[in-house]
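Trainee: Please take one part of this model, the spaces that a search of the whole structure finds, and look at it closely with me. I would like to follow what lines each space and then what lies around it.

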Amino acid sequence: LALMMAVGPFGDTEYTPAMPAISHSLHAGYGMVQLTMTSYLFGSAVSRLLYGPLSDRIGRRPVMLSGAAILLLGAVVCLLSFNVWTLIGGRLVQGIGACAGGVIADAVVRDAFAADRRQSIYARINAAFALAPAVGPIAGIYAVEWVGWHGNFGLLVLLSALLVAVVWLFLPETKPNRDRDALQPGTLRRHVFEVLSTPDFVLYAVLGGLCVGVVYTALIGAPDLVLTILGRGNFAIMIVSVVILTAFVTGAGMSALFSSRVSPDVFIGAGLAVLLVASAGLMLVALLIGKQGTLANYLTPIGACFVGVGLVVPVSTARAMAPFDENTGMASSLLGSIQMGVAALGTLGMGLLHQGAGEDIPIVFLALAGMAGLLFMGHLAWRGLSALRAA
């Protein structure tokens with residue numbers, strides 16, 4: 001289960017240090033190479049909706065095997081890519097397969113373990129989920145240095161093949177009783193409507209998606225900023241990855257530590273304020289210092305941005321899922337799809353706006369933070385107005 005959870009997130013970040021090399025090798029602009037992340041996220045957003053109901057209908061094991069095989073196929077296509085459009089297509093296929101692990105692992109835990117053991121199991125497998133994207137860039141740096149950018153996808157081919165083998169050998173079927181109505185259009189429509197009509201679900205899902213978009217735009221923008229604009233080496237990418245992870249864990253830890261004493265909306269408001277101010281600071285650094293700046297000039301506002309993201313994402317996810325004692329599978333699928341879809345739009349904007357001058361990351365950060373802030377303020381204003389009317 002830990003491997004199922006980890007391979008997808010590892011693949012999210014493992015190839016990002018190779019993006020400048022990919023751009024050069026395939027004679028494609030860096031903005032086009034960034035669209036490989038956009039296609040991956042769109043594939044993940046769409047397929048996430050299908051894996052839950054499909055596994056209810058035909059079982060966990062065949063769906064997980066299919067997802068792992070699709071992930072392997074996508075990695076092979078990427079490895080053999082001869083132009084950027086083939087690579088974009090391969091990443092789309094990877095995205096379709098990658099999210100199966102997280103969806104099916106969650107379902108297997110619910111199927112196979114008693115309620116009093118689930119929290120412990122979730123904690124153990126989610127440790128792998130959290131660690132994988134942090135380790136990914138480090139492995140990716142060595143792969144591109146030793147083998148070239150094809151080595152990054154060669155590593156993903158090996159991991160995907162290992163995942164297929166492990167699932168085939170060790171994952172039993174944990175849902176013997178199939179839900180024959182799980183894929184019925186009427187059933188799906190009813191479940192989707194129940195989730196989307198729940199007050200504030202879409203609000204918190206979109207807020208989380210805008211912040212997840214910050215994560216992915218940083219992943220695809222950092223290599224160009226560090227290697228091309230600042231002229232630093234691959235070790236600097238490792239430093240950026242460590243700062244991002246540390247900052248996110250700091251924000252998430254604060255939200256967990258004080259969750260019982262502070263209103264969730266206070267955390268979200270504070271996180272969005274930190275993200276907005278830090279994004280503005282990052283923009284000032286890019287405009288005033290640019291290529292003459294040091295890595296440290298950029299690390300401080302980037303780290304502050306991710307403290308804000310860490311404050312918002314866990315709380316917004318918990319708030320979105322809070323109303324659902326039943327229908328949690330569809331709610332989780334829709335939440336993930338909305339978050340990945342919004343994040344994909346952020347990376348699309350990153351690719352279309354790419355100027356190669358160091359301003360791409362702060363522009364997109366500011367746009368995402370600004371939209372999240374306006375959405376949240378509108379929610380608070382509407383809630384206050386409703387309270388006044390009720391009074």
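Mentor: In this predicted model, a search of the whole structure finds four cavities of 30 Å³ or more, a cavity being a set of points on a 1 Å grid over the protein atoms alone where a 1.4 Å probe fits but cannot get out. As the model is predicted, local features need pLDDT of at least 70 and side-chain atom pairs count only at pLDDT 80 or more, while totals for chains, interfaces and linings use all residues. Residues are numbered from 1 along each chain, and side-chain values use heavy atoms, with hydrogens and water left out.

Let us begin with the largest cavity, which holds about 70 Å³ of space, counted as the space filled by probe spheres set on the points, which are joined across faces, edges and corners. Its lining residues (those with an atom within 4 Å of a point) are Ala218, Ala222, Leu225, Val226, Val240, Ile244, Leu295, Tyr298, Leu299, Ile302, Ile361 and Phe365. By class, this lining has 12 nonpolar, no polar and no charged residues. Helices H10, H11 (234-257), H13 (295-321) and H15 (360-390) each give at least two residues to the lining of the largest cavity, where a helix is a DSSP run (H or I) of at least four residues, numbered from the N terminus.

Now compare the second largest pocket, a pocket being an open set with protein on both sides within 12 Å along at least five of seven lines. This second largest pocket has a volume of about 180 Å³, and H11, helix H12 (264-288) and H13 are the elements that give two or more residues to its lining. H13 supplies the largest share, four residues. The full lining consists of Ala252, Ser255, Ala256, Ser259, Val262, Pro264, Phe267, Pro314, Val315, Ala318 and Arg319, and by class it has eight nonpolar, two polar and one charged residues.

Next, look beyond these spaces to the packing. The largest nonpolar core has 112 residues, and among them Ile22, Met64 and Phe306 touch the most other members; such a core joins buried Ala, Val, Leu, Ile, Met, Phe, Trp, Tyr and Cys residues through side-chain atoms within 4.5 Å. Helix H10 (residues 201-229) gives the largest share of this core, 17 residues.

Take Met64 as one example: leaving aside neighbours within four places in sequence, Met64 is in contact (heavy atoms within 4.5 Å) with Met4, Ala100, Gly101, Ile104, Leu163, Val167 and Leu171. Two of these partners, Leu163 and Val167, are among the buried residues of helix H8, buried meaning under 20% relative accessible area. Other buried residues of H8 include Trp149, Phe153, Leu156 and Val157.

Another of the partners of Met64, Met4, is among the buried residues of helix H1. H1 is mostly covered, with 11 of its 13 residues buried, including Pro9, Phe10, Asp12 and Glu14.

Thr13 also has its place in H1 (residues 2-14), and because its relative accessible area is 2%, Thr13 counts as buried. Beyond its neighbours within four places in sequence, Thr13 is in contact with Ala132, Pro133, Gly136, Pro137 and Leu219. Leu219 falls within the residue range of H10, the helix that also supplies at least two residues of the lining of the largest cavity, and so this walk ends back where it began.

Notes:
Buried < 20%, exposed > 50% of the residue type's maximum accessible area, 1.4 Å probe, protein only. Nonpolar A, V, L, I, M, F, W, Y, C, P; charged D, E, K, R; others polar.
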